[in-house]
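Trainee: Could you walk me through this one? I'd like to learn how to read its features step by step.

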Amino acid sequence: MKTLLTAAAMALGLAQPLFAADYPAGPVTVVVPYSPSGNTDVFMRHLAPYLEKAWGQPVLIDNRPGGGSMVGTAQVAQARPDGQTLLVTTSAYVTAPAIQPDLPFDPREDLIPVANVGHVSYILVTNATSDFDTLDEFVAASKESPKFAATAGLGTTTHFAIEKFIADSGADVDVVHFKGGGPAVVSILSGETDIYGSSVSSAGENLTSGKIKALAVLGSARIDAQPDVPSTAELGYPDLEIKQWVGMFVPAGTDPAIVEKLNADVNAALRNEEFIAKVTPLDWTLNATTPEGFAEQVDSELDMWKALAESQGLSQ
Amino acid sequence: MEFLANIGLGFSVALSLTNIFYCFLGAFLGTLVGVIPGLGVLAAISMLFPLTFHLEPTTALIMLAGIWYGTTYGGSTASILLNLPGTPANAVTCLDGYPMARQGRGGVALFMTTVASFFGASFGIVLLTLFTPVIADYALRFGSAEYFALMLMGLVAASTISEGSAVKGLSMVVLGIIIGLVGMDSQSATVRFSFGVMGLLEGVSLIALAMGVFGVAEIIMSVRRVRTADIDPETLRLKAIKPSRDEMRRSWFPMLRGASIGSFFGTLPGTGPSIAAFLSYAIEKRVSRTPERFGNGAIEGIMGPESANNAADQTAFIPTLSLGVPGSATMALMLGVLMIHGVAPGPNLISSQPELFWGLIMSFWVGNLILLLLNIPLIGVWVRMLTIPYHILYPAVLMFICIGAYTSGFTVLNVWMVLVFGALGYAMRIFGFPGAPLLLGFVLGPLMEEHFRRAMVLSRGEFLTFFERPISAVIMALTGMILIWSVWSAEIIRRRRAARAAGDGATTHEAREG
């Protein structure tokens with residue numbers, strides 16, 4: 001509430017009247033709430049030069065890691081709503097609030113979604129020596145002897161993805177949290193856990209070398225990187241449309257015209273051939289969204305994860 | 001002959017002019033950063049990381065790796081001459097290196113640690129080259145139960161390092177664990193001891209803690225003592241750096257043991273060079289026939305740890321390059337460099353990017369040779385840096401500490417934490433509480449908890465899992481033995497002291513037992 005008031009006060013009293021045509025008036029700071037060299041940071045560093053070219057202003061990337069991305073997010077929620085401070089974060093924006101009730105900002109009120117820039121798909125993988133080859137066999141095997149699922153950390157998208165799968169399939173699976181995707185993949189390699197919803201990039205090398213096998217791609221369609229792996233929708237789970245996305249946000253109170261301009265400029269940069277060539281090897285699927293469309297997505301995912309966290313007993 | 005072809009390929013990459021230049025640059029910057037206390041390797045790599053965006057991935061890694069192992073070489077200089085660890089991995093070198101410097105043998109200590117560093121690193125590189133695939137498979141057998149057992153062993157071993165009162169050492173381990181509890185717990189997202197501060201959700205910064213307790217506290221102590229540079233330039237001339245025959249003889253086995261310990265702990269995530277150095281020191285003191293010399297300038301006390309931390313620096317690349325699992329924050333940055341260039345780390349890295357893998361490893365030889373050649377003639381230069389008047393050096397170091405703390409998390413909160421831990425460290429010094437167990441408790445505590453709870457989930461709540469899994473059971477048994485051994489030897493010392501107090505006649509007899 002306090003943040004809301006502050007934001008409102010700033011919007012009314014302090015912000016200079018700005019016109020989208022003049023935007024941006026100075027250097028633009030993009031807050032990335034993750035460490036340098038993480039997936040999100042790398043993506044943003046590739047994108048920044050194209051935005052600089054479009055705006056004729058320097059784009060500064062400000063890494064503010066901490067609190068599972070919530071530290072940097074909270075900071076932008078309290079920034080001046082003049083479009084000079086942007087947030088580029090992941091779907092942790094919608095998953096973290098489901099298990100962290102005491103966030104110092106309201107994800108629906110304090111920030112405005114601008115654009116969903118891209119996503120990474122998840123594939124369910126298991127050790128190559130596991131005695132199940134399909135998702136159905138896994139669910140059946142789990143009912144005979146309970147299985148373990150690895151996650152890249154509590155409250156991460158990999159965690160929610162597997163919880164959603166458990167809820168939808170009725171498999172008997174205990175969830176074990178690891179710190180990051182690397183250790184989670186190793187736990188699959190060592191056979192310590194049985195299933196993990198991995199991004200293609202973190203599983204890729206082990207998949208091609210045959211040390212781990214893929215059971216399904218989470219979502220409605222197969223992916224180009226693993227064309228032989230069935231999608232969960234094909235296998236009879238229509239509601240597992242779960243992606244790790246990256247999106248841009250601005251503080252609440254930002255002029256709608258600036259939001260529109262940001263959305264248009266970002267979408268234009270995402271269509272740049274040179275940029276596409278740089279990020280496709282990193283397994284990104286690029287999106288083109290409107291601010292309204294992205295806002296709806298954020299809204300419905302906030303609801304979905306909140307409900308899942310409650311039904312699976314994850315929230316405190 | 002494929003092996004030789006790989007080595008050849010590696011050298012052809014590592015010996016290109018560009019790569020030699022960046023290797024030299026990395027090693028030189030690393031040494032510089034290592035010599036300056038407070039400015040750690042993580043801070044240095046974080047700051048220089050963006051510079052490598054424009055380099056080839058192999059070249060970028062070669063340079064960053066040079067900084068990484070260069071700091072450990074340089075770090076011993078400040079430990080020995082100022083009693084101020086250049087990096088946490090060199091903390092234990094203070095215990096005997098500084099007394100050596102006070103005795104006018106600083107030159108010998110600097111020369112010998114360079115030799116030990118080179119020996120440890122060479123040992124590590126050979127292992128890295130020969131056993132990367134083997135060790136990768138073997139690391140896969142380490143599950144959460146094994147990691148927990150191993151860390152328990154680390155803490156038990158560490159509590160025997162602490163100088164003076166065992167109670168004080170143990171209390172510092174516990175305090176370290178408590179500080180380590182701050183933040184969000186990884187298995188249930190419960191926030192502990194954060195007092196509503198968002199920045200504390202991720203926990204207390206290791207860098208802030210280490211810089212505060214070891215760096216700031218030392219500076220306050222030194223300012224209070226108003227000590228002028230007591231480095232006698234005479235002891236650092238080329239003639240004076242030659243070790244005696246006896247010192248050479250004593251150094252051989254500690255170096256070998258240190259290199260073995262370091263190589264082993266380097267491969268395990270979460271342990272790394274600092275812990276390897278601490279353990280090596282503890283073991284040297286244990287196996288020594290004259291443990292009372294430790295802390296008073298025993299050459300074994302610098303050779304073992306310096307060999308161990310450099311070996312660990314090299315073998316830390318084994319899990320990073322073979323499995324894509326970084327064992328430390330620094331290794332995570334190295335992985336980041338790979339990923340930013342679109343190279344996916346994993347078991348296939350060696351076959352899919354042989355020129356990167358072998359080039360990087362062979363560059364370690366180049367880098368270590370550069371460091372050996374750089375350090376011995378340049379000992380005088382590094383030392384002169386440390387004879388800068390303290391009213392200039394200390395504020396500069398404090399500034400570097402603040403920069404380092406800030407860049408480690410890009411938050412001002414870390415700078416405040418340095419201040420708090422500096423005050424804590426100063427108080428600890430005054431009351432004679434050791435800093436090393438605090439640091440170790442802080443690092444190992446949260447990891448132990450994480451692995452313990454994960455092991456509990458995986459065993460479905462069965463405590464016996466730690467004794468049923470063979471590797472874990474062996475480590476647990478070793479831990480028990482260390483515990484019994486340390487209690488027993490403390491008892492021996494106590495008896496010996498009692499005997500000594502009773503009469504002088506008993507001393508010669510008792511000495512044989514120790």
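Mentor: Let's go through confidence, chain make-up, helix packing, burial and one backbone angle.

Trainee: Where do I start, and what does the model score?

Mentor: Start with the fact that this is a predicted model. The model scores an ipTM of 0.70 and a pTM of 0.67. Chain B has an average pLDDT of 78, and 80% of its residues score at least 70. In residues 505–514 of chain B, though, the pLDDT is below 50, and beyond near neighbours in sequence this stretch has seven contacts in the model.

Trainee: How should I treat a stretch like that?

Mentor: Where pLDDT is low, don't read the predicted coordinates in detail.

Trainee: How many helices and strands are there in chain A, and how many in chain B?

Mentor: Chain A has 11 helices and 10 strands. In chain B you'll find 22 helices and two strands. As for burial, 51% of the 316 residues in chain A are buried, and for chain B the figure is 55% of 514 residues. Now look at contacts with a separation of 6 or more: in chain A, 78% of them link residues 24 or more positions apart, and chain B also comes out at 78%.

Trainee: Now helix packing. What describes a packed pair?

Mentor: Two packed helices are described by the angle between their axes and the distance between the axes. Take helix 11 (residues 272–287) and helix 12 (residues 300–315) of chain B: they pack at about 150°, with axes 8 Å apart. Angles over 145 degrees count as roughly antiparallel, so helix 11 and helix 12 of chain B are roughly antiparallel to each other. Their crossing is right-handed.

Trainee: Which residues in helix 11 of chain B meet helix 12 of chain B?

Mentor: On the helix 11 side of chain B, they are B:Gly272, B:Pro273, B:Ala276, B:Ala277, B:Ser280, B:Tyr281 and B:Glu284. Their partners in helix 12 of chain B include B:Gly301, B:Gly304, B:Pro305 and B:Ala308. By type, the residues of this contact divide into seven nonpolar, five polar and three charged.

Trainee: What about helix 4 of chain B against helix 12 of chain B: at what angle do their axes cross?

Mentor: Roughly 170°, and the axes of helix 4 (residues 57–82) and helix 12 of chain B come within 9 Å. This pair is therefore roughly antiparallel as well. B:Trp68, B:Tyr69, B:Thr72 and B:Ser76 in helix 4 of chain B meet B:Glu306, B:Asn309, B:Asn310, B:Asp313 and B:Gln314 in helix 12 of chain B. That contact splits into two nonpolar, five polar and two charged residues. Notice that B:Asn309 and B:Asp313 are also among the helix 12 residues that meet helix 11 of chain B.

Trainee: Switching chains, how many residues of helix 4 of chain A are buried?

Mentor: Eight of the eight, so helix 4 (residues 92–99) of chain A is largely enclosed by the rest of the structure. Among the buried residues are A:Tyr93, A:Val94, A:Pro97 and A:Ile99. The cover includes helix 3 (70–77), strand 3 (85–90), helix 6 (157–169), strand 9 (243–251) and helix 11 (291–311) of chain A.

Trainee: Last one: what is phi of B:Arg460, and is this residue buried or exposed?

Mentor: Phi of B:Arg460 is near 55°, a positive value in a residue other than glycine. B:Arg460 sits in the loop between helix 19 (436–458) and helix 20 (465–468) of chain B. With 10 other C-beta atoms within 10 Å, B:Arg460 is exposed, since the cut-off for exposed is 12 or fewer.

Key. Residues are numbered from 1 along each chain as its sequence is written. Chains are lettered from A and ligands numbered from 1 in the order in which they are written. This is a predicted model: local features need pLDDT of at least 70, side-chain atom pairs count only at pLDDT 80 or more; totals for chains, interfaces and linings use all residues. Axes are lines fitted to C-alpha atoms, for helices over the stretch in contact, and angles run from 0 to 180 degrees between N-to-C directions. Helices (H or I, at least four residues) and strands (E, at least two) are DSSP runs, numbered from the N terminus. Angles under 35 degrees count as roughly parallel, over 145 as roughly antiparallel, 65 to 115 as roughly perpendicular and the rest as oblique. A crossing is left-handed if the near helix is turned anticlockwise from the far one by less than a right angle, and right-handed if clockwise. Two residues are in contact if their C-beta atoms, placed from the backbone, lie within 7 Å. Ala, Val, Leu, Ile, Met, Phe, Trp, Tyr, Cys and Pro count as nonpolar, Asp, Glu, Lys and Arg as charged, and the others, Gly among them, as polar. pLDDT is the predictor's confidence in each residue, from 0 to 100. A residue is buried if 20 or more other C-beta atoms lie within 10 Å of its own, exposed if 12 or fewer, and partly exposed in between; C-beta atoms are placed from the backbone.
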